[in-house]
Amino acid sequence: MIQQYFLSLSYLVIAALLFLVDSYRRQISFAIRIKGALMENRKLLDAFFVSGIAISLLALFFPVYPGPVILGDLIPSIWIFYSAFFFRFRYSEKRIEQGEVFFETSTLDRTAKLGWITALIAVIHFLLPQFVLL
């Protein structure tokens with residue numbers, strides 16, 4: 001199912017941008033709009049969360065050929081699932097009201113590392129689509 005492959009790549013790229021937007025504000029300033037939209041619009045955040053879970057399940061059970069039918073693209077699927085929950089809890093209204101989302105150096109370092117890991121997974125998933133990432 002090739003459609004889920006492109007959806008998973010798109011989700012990984014958007015997640016990488018969202019992870020990196022606080023550390024690299026100037027270089028990827030266009031991603032600030034995506035972050036702002038997710039933080040302001042509860043329905044959009046819910047849609048992003050549900051689509052992440054759906055895409056991760058699709059990638060898990062319908063991998064790109066010649067991957068095994070069950071547990072085909074395990075690493076991208078787990079990472080998409082993790083990213084969906086991360087952003088769901090990170091941009092929730094309760095955390096925004098408490099001011100926990102904004103700049104803390106340990107949080108910036110951690111999210112920057114998560115962003116680079118997400119970008120690496122997306123690049124490997126793009127360059128080697130038939131390489132089974134177990």
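Entry 1. Before looking at any ring, I noted that a helix here is a DSSP run of at least four residues, H or I, and that helices are numbered from the N terminus. I also kept in mind that the model I was reading is predicted.

Entry 2. I looked up the aromatic pairs and found that the structure holds 13 of them. I began with Phe 19 and Phe 87, whose ring centres lie 4.7 Å apart and whose planes meet at 40°, so I wrote this pair down as tilted. When I asked where in the chain the two partners sit, I found Phe 19 in helix α1 (residues 2–20) and Phe 87 in helix α4 (residues 74–90), 68 residues apart, and the pair therefore links distant parts of the chain. I then checked their surroundings, and both Phe 19 and Phe 87 turned out to be buried.

Entry 3. Next I turned to Tyr 82 and Phe 86, which form another tilted aromatic pair, with 6.0 Å from centre to centre and 40° between the planes. Both residues belong to helix α4, and because they are 4 residues apart there, about one helical turn separates them. Is each partner buried or exposed, or partly exposed? Tyr 82 has a relative accessible area of 32%, which makes it partly exposed, whereas Phe 86, at 12% relative accessibility, counts as buried because the cut-off for buried is under 20%.

Entry 4. I followed the ring pairs further and saw that they link Tyr 11, Phe 19, Phe 48, Trp 79, Tyr 82, Phe 86, Phe 87 and Tyr 91 into a cluster. I also noted a charged residue beside an aromatic one: Arg 88 lies over the face of Phe 49, at 5.7 Å from the ring centre.

Entry 5. Which residues touch the most other members of the largest nonpolar core? In this core of 20 residues they are Phe 19, Phe 87 and Tyr 91. I then looked up which helices contribute, and α1, α2 (31–40), α3, α4 and α6 (105–127) each supply at least two residues of this core. There is also a second, separate core of 6 residues, and it includes Leu 20, Val 21, Ile 28 and Ala 112.

Entry 6. Last, I looked up Leu 60, which has its place in helix α3 (residues 42–61) and which, at 14% relative accessibility, counts as buried. I compared its position with that of Gln 4, and found that Leu 60 and Gln 4 are 56 residues apart in sequence and 9.9 Å apart in space, taken from C-alpha to C-alpha.

Notes:
Residues numbered from 1 in each chain as written. Predicted model: local features only at pLDDT ≥ 70, side-chain atom pairs only at ≥ 80, totals over all residues. Heavy atoms only, no water. Phe/Tyr/Trp six-rings, centres within 6.5 Å; stacked < 30°, edge-to-face > 60°. Buried < 20%, exposed > 50% of the residue type's maximum accessible area, 1.4 Å probe, protein only. Lys NZ or Arg CZ within 6 Å of the ring centre and 35° of its normal. Core = buried A, V, L, I, M, F, W, Y, C linked by side-chain atoms within 4.5 Å.
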